[in-house]
Amino acid sequence: MAIRNIRISTDEVLRKICKPVKEITPNLLTLLDDMADTMYEANGVGLAAPQVGILKRVVVIDIGEGLVELINPEILETSGSQIDDEGCLSVPGKYAPVERPNYVKVKAMDRDGNEFIIEGEELMARALCHEIDHLDGILYIDKALPVEEA
């Protein structure tokens, strides 16, 4: 396992669309392990492959309920709405309100190549949407709502 460098918002790799994973390889498994280690080291709740400079459709998430690895995640369904502050390991020290679905249903593959469905509400729904956005070159700051002055 290794801690990888997290790319910050000015890095153009974060604006590129990631390619689907075609096969499970030892390098992909190492990437998943390294991404989890990197996320935990940085005290994050999610990390997408482009954040460590790899343009593959791979995401890791842990909102405190255990590690979830997603290969080629695809949002199937959303419902409801929530607005909350979001941050990002690639935009250090900044937070802004973002509107996201309150419920998300995602299809993905696990590290063994098995397809599965994951459903998330509230924070998990937010994390799934946030990380999947990364795979399409979208950062939360692109969706941030204006902050009202007090």
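**How helix 2, the sheet and the cores fit together**

Q: Why is helix 2 called largely enclosed by the rest of the structure?
A: Buried means under 20% relative accessible area, exposed over 50%, partly exposed in between (1.4 Å probe, protein chains only). Of the 13 residues of helix 2, 12 are buried, so the helix is largely enclosed. Among them are Met124, Leu128, His130 and Leu135. This is a predicted model: local features need pLDDT of at least 70, side-chain atom pairs count only at pLDDT 80 or more, and totals for chains, interfaces and linings use all residues. Residues are numbered from 1 along each chain as its sequence is written, and side-chain values use heavy atoms, with hydrogens and water left out.

Q: What makes 123-135 a helix?
A: Helices are DSSP runs of H or I, at least four residues long; strands are runs of E, at least two; both are numbered from the N terminus. Helix 2 has 13 residues.

Q: How do you know that the span of helix 2 is close to the expected one?
A: The expected span is 1.5 Å times one less than the number of residues. That gives 18 Å, and helix 2 reaches 19 Å from its first C-alpha to its last.

Q: What makes a set of residues here a nonpolar core?
A: The members are buried Ala, Val, Leu, Ile, Met, Phe, Trp, Tyr and Cys residues, joined through side-chain atoms within 4.5 Å. The largest such core has 18 residues. Val59, Ile61, Leu70, Val106, Ile118, Met124 and Leu128 touch the most other members. Helix 2 gives the most to this core, with seven residues. Another core, of 12 residues, lies apart from it and includes Leu31 and Val58.

Q: Which residues is Ile118 in contact with, leaving aside its neighbours within four places in sequence?
A: Contact means heavy atoms within 4.5 Å. Ile118 has Val68, Leu70, Val104, Lys105, Val106, Met124 and Leu128 in contact.

Q: Why do strand 1 and strand 7 stand at the edges?
A: Two strands pair if DSSP finds at least two bridges between them. The open sheet has the order 1-2-3-6-7, with antiparallel pairing. Strand 1 (46-48) and strand 7 (115-121) each have a single partner strand, so one side of each is left without a neighbour in the sheet.

Q: How do you know that strand 2 and strand 3 pair?
A: Four bridges join strand 2 to strand 3, and pairing needs at least two. Val59 has Leu70 as its bridge partner in strand 3.
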